[in-house]
Amino acid sequence: MLKHLSFDFLHPQLKYALTQFLQNKYMIQPLIELLIPQGEGIFSFPVFSEEFCDILIDEIDNANSISLNFTRPNSMNNYGVIANEIGLKNFIDELVEQVISPLAKILFSDWGGSSLTHQHSFFIRYKKGEDLELSRHMDQSEITLNVCLGKVFDGGDVFFDSQRDHPREPILNRTIVKNRKGFGIFHVGQHWHGATKLIEGERHNFVIWARSDKFHQSPAEQFYDCENRNSSPKNKKIDL
C-alpha cells in the first residue's frame, strides 16, 4: 500500500522541478516552467512516471479483486474507487501540499487556490460495457488535477467550455485536451468540462478535487450556491 509520496513516483521532469523548488526556498519558477497551456485557465503538466501509473492501476485492480463494496466516486462515474478508502489519504495529502497548492496559489488564487484545506480523490475507469463518456459538468472542488494513468485507448478526450458564470460556448469553440499517460490536466473545478466518447480500449484516470473551506464559506460563494439551487435544472449539473 502506498502510504506516502515518494519522488520516485514522479515524472522525471516534475521530480527535478520539485527538488529545485524545495532546495531554493520554495521558488515557484521551476514548477511554473512545467506547465503546458491548453486554453484559458487550463494547463497540463507531467505528474507521474509511466511505471508508477501502472503501479496505481495494479493497486486498484487488487483492491477490486478483494472487495466490490467501494463507495461510488461521484454522482456521474459508475466505475471507480475513492482513494481514501484504499489507504491513499496521506499520499494524496502530500501531493496536494507539495505540488497542487504551490501551483494553485499562483494560477488560481481567485478561485480558492491560495487556501486549500482538504481533498476528495478517486480513480475512474472507462471501457466498453461500462462508462464511455462524461457529460458537461463542473466539479465540486476549488481546484482539480486529473491525471491519466493509461491504459491503451482511442478517444476519451477532455473538453472544456467556459468557466462558471459565462454563457455556454458553441461546441466549435470548445477546448479539447487529449489524455496522455502520466500527465495531469489542471483547472478550476467550476470550469465547465466533460469527456468525449471512448472509441476503443480502456482508460483510467486519477482525479484529485482540492477544496478550500475558507473559499467555499465566503459570502460570494454562499450567494452563488443559493442562486444555483434556485436556477433551472440545466444549470445544476455538478459532480457530487
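Just after helix α1, K25 takes a positive phi of about 55°. The model is a predicted one, and the helix that precedes this residue makes a good place to start looking around.

Helix α1 covers residues 12-23. At 1.5 Å a residue, its twelve residues should span 16 Å, and the end C-alpha atoms are indeed 16 Å apart, so expectation and model agree. Four of its residues, L14, A17, L18 and F21, are buried. They cover an arc of only 100° around the axis, which puts them on the same side of α1. Such a pattern fits the helix repeat: with 3.6 residues a turn, residues three or four places apart point the same way. The cover over the buried residues of α1 includes α2 (29-32), β2 (42-46) and α4 (89-107). Turn to the other side of α1 and you will find P12, Y16 and Q23 exposed.

Now for strand β8 (158-163). Six of its six residues are buried, so β8 is largely enclosed by the rest of the structure. Its two strand pairings are set out here:

| Partner of β8 | Sense | Bridges | Facing residues |
|---|---|---|---|
| β9 (175-177) | antiparallel | three bridges | F159 and I176 |
| β11 (residues 191-195) | antiparallel | four bridges | F160 and H193 |

The loop between β8 and β9 holds R174. Is R174 buried or exposed? Its relative accessible area is 18%, under the 20% cut-off, so R174 counts as buried. The side chain of R174 also makes a polar contact of 2.7 Å with the side chain of D161.

Key
Residues are numbered from 1 along each chain as its sequence is written. This is a predicted model: local features need pLDDT of at least 70, side-chain atom pairs count only at pLDDT 80 or more; totals for chains, interfaces and linings use all residues. Side-chain values use heavy atoms; hydrogens and water are left out. The expected span of a helix is 1.5 Å times one less than its number of residues. Buried means under 20% relative accessible area, exposed over 50%, partly exposed in between (1.4 Å probe, protein chains only). The arc is that of the directions from the helix axis to the C-beta atoms. Contact means heavy atoms within 4.5 Å. A polar contact is a pair of N or O atoms within 3.5 Å; within protein, one must be able to donate a hydrogen and the other to accept it, and residues adjacent in sequence count only if both atoms are side-chain atoms. Two strands pair if DSSP finds at least two bridges between them.
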